[in-house]
Amino acid sequence: DIFVSPSVPNPPPEENLKPLTQVKVFELPYTPSTGYDSYYWILTSKEVGYETSIAVYISTNGTDYSFLDFVSHYSIAGTLKEDYPSDTYEIDDDRGILFEPYKDFMQFEDISRADLFLGQRLALVGDEIVAFQNYDPEGEVDYRLTGVVRGLGYQKPQSHTAGDKVFIFYTRDLAIPITRTSTFYLKLVPVGISNSGSLADATAIRVDPQFKAKTPYKPARVKADRSGDNVDVLVYPVLKEYLGEGMQSADSYTDEYPFHFKGDILYKIDNGNWIVNGNSANFTINQAGQFTLYVKQRTFGYESPEVSLVIGSDDGEYIGNYDN
């Protein structure tokens, strides 16, 4: 099928559209706008400059493709020119991200500090989502992003090395819902004002769903109070709806009591079987001597990573705090 964009007055001379080579399909974590459904960012850089949108095709077997949706905005791809460590400030005004665009078809203005937190313009460095305030040329072909906000989407900052991929983009009209629960394949075809690229020439992209939005975060804290053989346990689950715009610190957790959360709390003692505690963050264990308690949260049938806490034989309080 051939897709064309609406006609515009005095269109630029259009080259034959070329296959897209700088692409990334990124499954979104939970966001206030997409919720628990599986959405994917379609990130790709223009090849000739006259592309206006992207036609997305999907296949379950990598052979037979059908049209899925349009994405109406492109990104700009690039590569890191220097290492970017994980230990910068949460808002990095000093070091910044130095990158070289693949093809410099887009420019980004510096914005105010207030606009920085609107989440309308982001960068994906490897698989880490960041926002940035300033976009300044450096040298002949490079740019440096500063005012970089890290920890978005409840992620811990990651370390990145020179040569890693970077995509910079405006978030509007980039995310599409895909409900497939097993491996699927996408092809991205460039669309111009009066013609379309070739589906046959587009590279197939394999996607293995990770269910990021549905999978709960691991508990932020487990507290156990031992009195004799009785151990009263309180789990501090993380409720994704409390994350605001995805820019809340990773050491925050629900502060309602009794704690409100979706799904169940599961626990086990040492190498025993998992026990379902249900929708309550409290439970009591009758267990003599030292043991290791394992805890995780289950939502929509998806389980969080487990956390563990060693509870000694002495009476008293035992606390474990865990980063997501």
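**Phe 261 and the enclosed cavities**

Leaving aside residues up to four places away in sequence, Phe 261 is in contact with Pro 237, Leu 239, Gly 278, Asn 279, Ser 280, Ala 281 and Gln 297. This description rests on a predicted model. Phe 261 belongs to the loop that runs between strand E18 (230-236) and strand E19 (264-269). Because its relative accessibility is 2%, Phe 261 counts as buried, the cut-off for that class being under 20%. One of its contacts, Leu 239, lies 22 residues from Phe 261 in sequence, yet the two C-alpha atoms are 5.6 Å apart in space.

Two of the residues that Phe 261 touches, Leu 239 and Gln 297, lead to the next feature, for they also help to line the largest cavity. The other residues of that lining are Tyr 36, Lys 214, Pro 216, Tyr 217, Val 238, Lys 240, Lys 262 and Thr 299. By class, five residues of this lining are nonpolar, two are polar and three are charged. The volume of the largest cavity is about 70 Å³.

In total, the model holds three cavities of 30 Å³ or more. The second largest of them encloses about 50 Å³. Its lining consists of Leu 20, Val 23, Leu 188, Ala 202, Thr 203 and Ile 205. Here the division is five nonpolar residues, one polar and no charged, whereas the lining of the largest cavity includes three charged residues.

Technical notes. Residues numbered from 1 in each chain as written. Predicted model: local features only at pLDDT ≥ 70, side-chain atom pairs only at ≥ 80, totals over all residues. Heavy atoms only, no water. 1 Å grid on protein atoms, 1.4 Å probe; cavity = no way out; pocket = protein on both sides within 12 Å on 5 of 7 lines; lining within 4 Å. Points joined across faces, edges and corners; volume = space filled by probe spheres on them. Nonpolar A, V, L, I, M, F, W, Y, C, P; charged D, E, K, R; others polar. Helix = DSSP H or I, 4+ residues; strand = E, 2+ residues; numbered from the N terminus. Buried < 20%, exposed > 50% of the residue type's maximum accessible area, 1.4 Å probe, protein only. Contact = heavy atoms within 4.5 Å.
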